[in-house]
Structures are given as structure tokens and as C-alpha cells.
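Here is my note on the model you sent round. Please read it with the structure open.

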Amino acid sequence: MPGRPAAGYFTLETRAAPIELIAVESPLARIEMHGMSMAGEVMRMDRLPSVRVAANERMRFAPGGRHLMIFNLPSTFKPGETVPLMFRFNGGTMIKVEAVASAAGADAMPMVMPMSGHGAH
């Protein structure tokens, strides 16, 4: 829907070393990492400056928890199209991913990104 932000979901999986995701970027949109939390009876959404994943762990970015907020996608953008994403990690590691967009509420195949601790540049 034009003018409305989209959400992005995926899983990071580490192996021998911890990693820190410091940004996700796209030439098509502005992207922020967000987390959900409860403050009493009120659910809050806060921007996350980075996300650390311990060695040999899996961290999900999923509805109701950590997620990407994707702003300013072109108004002509449709489900089934791809969004180029650049995941930036501490130490200079970068991973490029082509994510497939799905309609709100649709079952989407989550992206799983295994990390060796060194990653690809």
C-alpha cells in the first residue's frame, strides 16, 4: 500500500563466533531495525542501533519481536518483486540478499542467513 511501511523478517544463525548486525540497507528504501517490548500494558516499538548474536545461536526477526521497518518503497512495488538488501556486520562483513516481497499477512518463506563468524565481503 503506498505510503505505508513494510516489515522484513529473517533469521541469523551463527557458528563459531558471535556477530553484530549494524545495518540493513537497500537502494529502494530506508530501513531501520526495530524491537518490540512491553511497558506495562503497552507494546512499544524501539529502533535498534545494532543486534548482537552469540556464537552458535539463532536469532529470529519475526512478527511481534525484532523486525526490519522498510520505509518509502516505490508506490508501484508489488508482492513477488525482489528487494535488494545489504546486511552490514561489525568488522566490515557485508552480505547481499535478494528478498522476495509478499503481501501483508501472507505466509512468506523466511530468509535464513548462516554466518561463520567471518562472513562474505
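The numbered points below go from the overall fold to single residues.

1. Status and fold. This is a predicted model. The protein chain has 11 strands and zero helices. Read from the N terminus, the order of elements is β-β-β-β-β-β-β-β-β-β-β.

2. Contacts along the chain. Take the contacts between residues at least 6 apart in sequence: 67% of them join residues at least 24 apart.

3. Surface and burial. The protein chain counts 121 residues, and 34% of them are buried. Its accessible surface comes to about 7,500 Å². Carbon and sulfur atoms account for 55% of that surface.

4. The nonpolar core. Nonpolar side chains tend to be buried together in soluble globular proteins. Here the largest nonpolar core holds 23 residues. Which of them touch the most other members? They are Leu21, Phe61, Leu68 and Phe87. At least two residues of this core come from each of β2 (10-14), β3, β4, β6 (51-53), β7 (58-61), β8 (67-71), β9 (82-89) and β10 (94-100). β9 gives the most, with four residues.

5. Leu68 in detail. Leave aside residues up to four places away in sequence. Leu68 then touches Ala6, Ala7, Gly8 and Phe10, among others. Its list of contacts also includes Val24, Ile31, Glu32, Met33 and Phe61. Phe61 is thus both a contact of Leu68 and one of the core residues that touch the most other members.

6. Ser26, a buried polar residue. Ser26 sits in the loop between β3 (19-25) and β4 (30-39). Is this loop residue buried or exposed? Its relative accessible area is 13%, under the 20% limit, so Ser26 counts as buried. What does its side chain reach? The backbone oxygen of Pro84 is 2.8 Å away. A polar atom of the Ser26 side chain also lies 3.1 Å from the backbone nitrogen of Leu28. Beyond four places in sequence, Ser26 touches Ile31, Val83, Pro84 and Leu85. Pro84 therefore appears twice, as a polar partner and as a contact of Ser26.

7. Salt bridge between strands. Side chains of opposite charge can pair when their charged atoms come close. The whole structure has five salt bridges. In one of them, Arg88 pairs with Glu25, with the closest N and O atoms 2.6 Å apart. Arg88 belongs to strand β9 and Glu25 to strand β3, so this pair ties together parts that are 63 residues apart in sequence. Both partners are partly exposed: Arg88 has a relative accessible area of 28%, and Glu25 has 35% relative accessibility.

8. Arg30 and Glu32. These two side chains meet in a salt bridge of 2.5 Å, N to O. How accessible is each partner? Glu32 counts as buried, at 12% relative accessibility. Arg30 is partly exposed, with a relative accessible area of 41%. Glu32 is also among the contacts of Leu68.

9. Arg44, Asp46 and a network. Asp46 forms a salt bridge with Arg44, and their closest N and O atoms are 2.6 Å apart. Asp46 is partly exposed at 27% relative accessibility. Arg44 is also partly exposed, at 41%. Elsewhere, Arg30, Glu32 and Arg47 are joined into one network by salt bridges that share partners.

10. Backbone points to check. Most residues other than glycine have a negative phi. Asn56 has a positive phi of about 60°, although it is not a glycine. Where does Asn56 lie? Asn56 is in the loop between β6 and β7. With 58% relative accessibility, Asn56 counts as exposed. Asn72 is a further case, with a positive phi of about 70°. Asn72 is found in the loop between β8 and β9. Its relative accessible area is 59%, which is over the 50% limit, so Asn72 is exposed.

Notes
Residues are numbered from 1 along each chain as its sequence is written. This is a predicted model: local features need pLDDT of at least 70, side-chain atom pairs count only at pLDDT 80 or more; totals for chains, interfaces and linings use all residues. Side-chain values use heavy atoms; hydrogens and water are left out. Buried means under 20% relative accessible area, exposed over 50%, partly exposed in between (1.4 Å probe, protein chains only). A polar contact is a pair of N or O atoms within 3.5 Å; within protein, one must be able to donate a hydrogen and the other to accept it, and residues adjacent in sequence count only if both atoms are side-chain atoms. Contact means heavy atoms within 4.5 Å. A nonpolar core is a set of buried Ala, Val, Leu, Ile, Met, Phe, Trp, Tyr and Cys residues joined through side-chain atoms within 4.5 Å. A salt bridge is a side-chain nitrogen of Lys or Arg within 4 Å of a carboxyl oxygen of Asp or Glu. Accessible areas come from the Shrake-Rupley method with a 1.4 Å probe; for residues, only the protein chains shown count as cover.
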